[in-house]
Amino acid sequence: MKDNFGSQTAADVGMYAQTLMLAMTANGLASCAQGTMAHYPDLVRDNFGFEEDVKVLFGISFGYEDDSVAANTARTTRAPLEESVAFIRD
Amino acid sequence: MSELSLEQAILTRHSIRGFLPKEVPDELLRKVFELAQWSPSGTNVQPWQAYVASGAALKRIRSEFIRRVEAKVPAKPDLPDKGKMGDIFKGRRRECAAALYSAMGVAWEDKPARARVGKRNFEMFDAPHVVFYA
């Protein structure tokens, strides 16, 4: 994103990323969102030829799952709702 | 159309860290990116810029990532995190790493093996495509 944008814009790109990954899942594709793809932004800029004022946020590797790879059996859990969501009414 | 319900897609999506060399056909590639275009954004600005690398371009980018990691070039992200991560988040990150090491049969104490696991990120887990968001 252009560096005159801030965290609101980064949040928009995050919403996009989940939409993309769900669309991939629904179509039989596998993905891995990776913060590490933002480690060397100059390399990405050089290869695609975009300007210094466009900032790299993250990357997503994707394709078809190799189900013979042990790493693909790893699963994470999620925190209980109470740790993440607050509901108020009154 | 896919057979998966939205709920199934949400619950089955997870990070894949090992891909087949097979490329995604162009038509399907365009379809998933067309769908993602319908994502919400504040005042419909659609600020995302996607840069997709495949084939020889991906090979070139991957080799340069690996070269830098092997040369221990420090990461220099455009938008680094500000300050330290809190304990709750650190704990979750540790659990995530533990699940991965356990699946791969890597012991916590085995630093060289953990470094090899980390390096897989920069190999993009052998994926035939990578998309960068900028």
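How many bridges pair β2(A) with strand β2 (residues 129–133) of chain B, and in which sense do the two strands run? The close-ups below take that up and then move outward; keep in mind that this is a predicted model.

**View 1. β2(A) meets β2(B) across the chains.** Here the two strands pair in the antiparallel sense, over five bridges. Two of the partnerships are worth picking out. F58(A) has Y133(B) as its bridge partner, while S61(A) is matched with V130(B).

**View 2. β2(A) also pairs within its own chain, with β1(A).** These two strands run antiparallel, joined by five bridges. Look for A33(A), which stands opposite I60(A). As for cover, six of the six residues of β2(A) are buried. That goes for both faces: F58(A), I60(A) and F62(A) sit on one side, with G59(A), S61(A) and G63(A) on the other, and they are all buried.

**View 3. Chain A's side of the contact with chain B.** The contact draws 56 residues from chain A and 60 residues from chain B. On chain A, the elements supplying at least two residues each are α1 (7–26), β1 (30–34), α2 (41–48) and β2 (58–63). α1(A) has the largest share of this side, at 15 residues. Sorted by class, the side of chain A that touches chain B comes out as 35 nonpolar, 16 polar and five charged residues.

**View 4. The largest nonpolar core, with residues of both chains.** This core counts 41 residues, and those with the most contacts inside it are L20(A), L57(A), V130(B), F132(B) and Y133(B). Chain A feeds in at least two residues from each of α1, β1 and β2, and chain B does likewise from α2 (26–36), β1 (50–54), α3 (55–70) and β2. The top contributor is α1(A), which gives nine residues.

**View 5. F132(B) and the residues it touches.** Leaving aside residues up to four places away in sequence, F132(B) touches M37(A), V44(A), V56(A) and G59(A) from chain A, plus Y51(B) from its own chain. F132(B) is also among the core residues with the most contacts inside the core.

**View 6. Helix α5 (residues 111–122) of chain B and what follows.** Does the helix length add up, and what span should one expect from twelve residues? At 1.5 Å a residue, α5(B) should span 16 Å, and its end C-alpha atoms are 17 Å apart, so the two agree. After α5(B) comes M124(B), with a positive phi near 55 degrees.

Key
Residues numbered from 1 in each chain as written. Chains lettered and ligands numbered in written order. Predicted model: local features only at pLDDT ≥ 70, side-chain atom pairs only at ≥ 80, totals over all residues. Contact = placed C-beta atoms within 7 Å. Helix = DSSP H or I, 4+ residues; strand = E, 2+ residues; numbered from the N terminus. Nonpolar A, V, L, I, M, F, W, Y, C, P; charged D, E, K, R; others polar. Pairing = 2+ DSSP bridges. Expected span 1.5 Å × (residues − 1). Core = buried A, V, L, I, M, F, W, Y, C linked by C-beta atoms within 7 Å. Buried ≥ 20, exposed ≤ 12 C-beta atoms within 10 Å, placed from the backbone.
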